[in-house]
Amino acid sequence: MPSIDIIIELSHAACLAHYEGRAGMVHTLSLDGRSVRFPAEALRRVITRDGVHGVFRLHVSPEGRFEGIHPLPSHHSS
């Protein structure tokens, strides 16, 4: 299953807009700079009280359809 690593930085209020259906798609960037769009309902799997923040791996079908999302461990450099 193909995957793409993306960065998501959404406040709780921005996530609420997606959750309530005012925004149907999430637009973000991959770690390699590509523009990525996926269904906003995917945020329900990763939202916290603070919103959605961090690096996530999107799994897509060979046809490019969203199949799953999960957070990746953060890597902090000193």
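Start by selecting Ile6 in this predicted model. Show what surrounds Ile6 and, leaving aside its neighbours within four places in sequence, you will find it in contact with Thr28, Leu29, Ser30, Leu31, Val36, Phe38, Gly54, Val55, Phe56 and Leu58. Keep Phe38 in mind, since we return to it later.

**The core around your first stop**

Ile6 belongs to the largest nonpolar core, a set of 16 residues. To see its best-connected members, select Ile6, Ile8, Phe38, Leu43 and Ile69, which have the most contacts inside this core. Now colour strand 1, strand 3 and strand 4: these are the elements that give two or more residues to the core. Strand 1 gives the most, with 4 residues.

**Zoom out to the whole chain**

Switch to a cartoon view. The protein chain has 1 helix and 5 strands, and from the N terminus on you can trace them as β-α-β-β-β-β. If your viewer can colour by accessibility, look for the buried residues, which make up 35% of the 78 residues in the chain. How far apart in sequence are the residues that meet? Among contacts between residues at least 6 apart in sequence, 52% join residues at least 24 apart.

**Walk across the sheet**

Next, select the strands by themselves. In what order do the 5 strands lie in the sheet? They form an open sheet in the order 3-2-1-4-5, with antiparallel pairing. Strand 3 and strand 5 are the edge strands, and each of them pairs on one side only. Turn the view and compare the directions of neighbouring strands: they are turned by 40° against each other on average, direction ignored.

For one pairing in detail, pick strand 1 (residues 3-10) and strand 2 (residues 25-30), which pair in the antiparallel sense over 2 bridges. Show Ile7 as sticks, then find Leu29, its bridge partner in strand 2.

**Two phenylalanines**

Back to Phe38, as promised. A search of the whole structure finds 1 aromatic pair. Select Phe38 and Phe66 to see this pair, which is stacked, at 6.3 Å centre to centre and with 20° between the planes. Why does the pair tie together parts that are 28 residues apart in sequence? Phe38 lies in strand 3 (residues 35-39) and Phe66 in strand 5 (residues 66-71), so the pair links those two parts.

Add a surface, and check each ring's residue in turn. Phe38 counts as buried, at 2% relative accessibility, whereas Phe66 is partly exposed, with a relative accessible area of 21%.

**A pair of histidines**

Move on to His59, which you will find in strand 4 (residues 52-60). Is His59 buried or exposed? Its relative accessible area is 19%, and with buried meaning under 20%, His59 is buried. Now show His70 as well: a polar contact of 3.4 Å joins the side chains of His59 and His70.

**Last stop: a loop**

Finish at Ser61, found in the loop between strand 4 and strand 5. Although Ser61 sits in a loop, it is buried, with a relative accessible area of 7%. What does Ser61 touch, not counting residues up to four places away in sequence? Select Pro2 and Glu67, and you have its partners on screen.

Methods
Residues are numbered from 1 along each chain as its sequence is written. This is a predicted model: local features need pLDDT of at least 70, side-chain atom pairs count only at pLDDT 80 or more; totals for chains, interfaces and linings use all residues. Side-chain values use heavy atoms; hydrogens and water are left out. Rings of Phe, Tyr and Trp (its six-membered ring) pair if their centres lie within 6.5 Å; planes under 30 degrees apart count as stacked, over 60 as edge-to-face and the rest as tilted. Buried means under 20% relative accessible area, exposed over 50%, partly exposed in between (1.4 Å probe, protein chains only). A polar contact is a pair of N or O atoms within 3.5 Å; within protein, one must be able to donate a hydrogen and the other to accept it, and residues adjacent in sequence count only if both atoms are side-chain atoms. Two strands pair if DSSP finds at least two bridges between them. Axes are lines fitted to C-alpha atoms, for helices over the stretch in contact, and angles run from 0 to 180 degrees between N-to-C directions. A nonpolar core is a set of buried Ala, Val, Leu, Ile, Met, Phe, Trp, Tyr and Cys residues joined through side-chain atoms within 4.5 Å. Contact means heavy atoms within 4.5 Å.
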